[in-house]
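I opened this notebook to keep track of what I look up in the structure. The entries follow the order in which I went through it.

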Amino acid sequence: MISGDSDNRAVLAENLRDLATAEDGGHLHIDYFPGHFYLAEGSLPLVVNSPHGGMPGW
């Protein structure tokens, strides 16, 4: 379940959209740390792979 206020959900959505449209692949670590911009303490960590591959092709 993804919850939170609309501004913080919008930041998460933008990060996921950016990853999904990056043509060289990659992945996104979504992990809480003290002072995190939009994640609350107690949030579970998540790694999201790009639909274009998990790591960029350098």
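**Entry: helix 1**

I checked the length of helix 1 in this predicted model. Helix 1 has 16 residues, and at 1.5 Å a residue these should span 22 Å. The C-alpha atoms at its ends are 22 Å apart, so the expected span and the model agree.

I then looked at the N-terminal end of helix 1, which is capped by D5. A side-chain oxygen of D5 lies 3.2 Å from the backbone nitrogen of D7.

Next I went to T21, which also lies in helix 1. I noted T21 as exposed, because its relative accessibility is 55% and the cut-off for exposed is over 50%. A polar atom of the T21 side chain lies 3.2 Å from the backbone oxygen of D18. I also took the distance from T21 to D7: they are 14 residues apart in sequence, and their C-alpha atoms are 21 Å apart in space.

**Entry: overall layout**

I stepped back to the whole protein. I found one helix and two strands, and the pattern along the sequence is α-β-β. The C-alpha trace spans about 35 × 20 × 20 Å along its principal axes.

I looked up how much of the protein is buried: the buried residues make up 17% of its 58 residues. I also looked at contacts with a separation of 6 or more, and 46% of these are between residues 24 or more positions apart.

**Entry: the loop after helix 1**

I stopped at G25, in the loop between helix 1 and strand 1. Is G25 buried or exposed? It is buried, because its relative accessible area is 7% and the cut-off is under 20%. From G25 to N15 I counted 10 residues in sequence and 14 Å in space, C-alpha to C-alpha.

**Entry: the strands**

I looked at how strand 1 and strand 2 pair, and the sense is antiparallel, over four bridges. One position I wrote down is H27, which stands opposite N49 in strand 2.

Which side chains of strand 1 point to the buried face? L28 and I30 do, and both are buried. H27 and H29 point to the other face and are not buried. In a regular strand the side chains alternate between the two faces of the sheet.

**Entry: S50**

I moved on to the segment after strand 2, where S50 lies. I put S50 down as buried, because its relative accessibility is 6%. Leaving aside neighbours within four places in sequence, I listed its contacts as L19, A22, G25, G26 and H27. A polar atom of the S50 side chain is also 2.9 Å from the backbone nitrogen of H52.

**Entry: the loop between the strands**

I looked up H36, which is found in the loop between strand 1 and strand 2. H36 counts as buried because its relative accessible area is 16%, with the cut-off at under 20%. Polar atoms of its side chain lie 3.1 Å from the backbone nitrogen of Y38 and 3.0 Å from that of L39.

I then searched for aromatic pairs and the count came to one. The pair is F37 and Y38, edge-to-face, with 6.4 Å centre to centre and 85° between the planes. I call the pair edge-to-face because its angle of 85° is over the cut-off of 60 degrees.

Are the two residues buried or exposed? F37 counts as exposed, because its relative accessibility is 64%. Y38 is buried, because its relative accessible area is 13%.

**Entry: the nonpolar core**

I left the largest nonpolar core for the end. Which residues are in it? I found six: L12, L19, L28, I30, Y38 and L39. Helix 1 (6-21) and strand 1 (27-30) are the elements that give two or more residues to this core.

I followed L39 a little further. Apart from neighbours within four places in sequence, L39 is in contact with I30, D31 and Y32. I30 is itself listed in the core, and I had already noted I30 on the buried face of strand 1.

Notes:
Residues are numbered from 1 along each chain as its sequence is written. This is a predicted model: local features need pLDDT of at least 70, side-chain atom pairs count only at pLDDT 80 or more; totals for chains, interfaces and linings use all residues. Side-chain values use heavy atoms; hydrogens and water are left out. A nonpolar core is a set of buried Ala, Val, Leu, Ile, Met, Phe, Trp, Tyr and Cys residues joined through side-chain atoms within 4.5 Å. Buried means under 20% relative accessible area, exposed over 50%, partly exposed in between (1.4 Å probe, protein chains only). Contact means heavy atoms within 4.5 Å. A polar contact is a pair of N or O atoms within 3.5 Å; within protein, one must be able to donate a hydrogen and the other to accept it, and residues adjacent in sequence count only if both atoms are side-chain atoms. Two strands pair if DSSP finds at least two bridges between them. The expected span of a helix is 1.5 Å times one less than its number of residues. Rings of Phe, Tyr and Trp (its six-membered ring) pair if their centres lie within 6.5 Å; planes under 30 degrees apart count as stacked, over 60 as edge-to-face and the rest as tilted.
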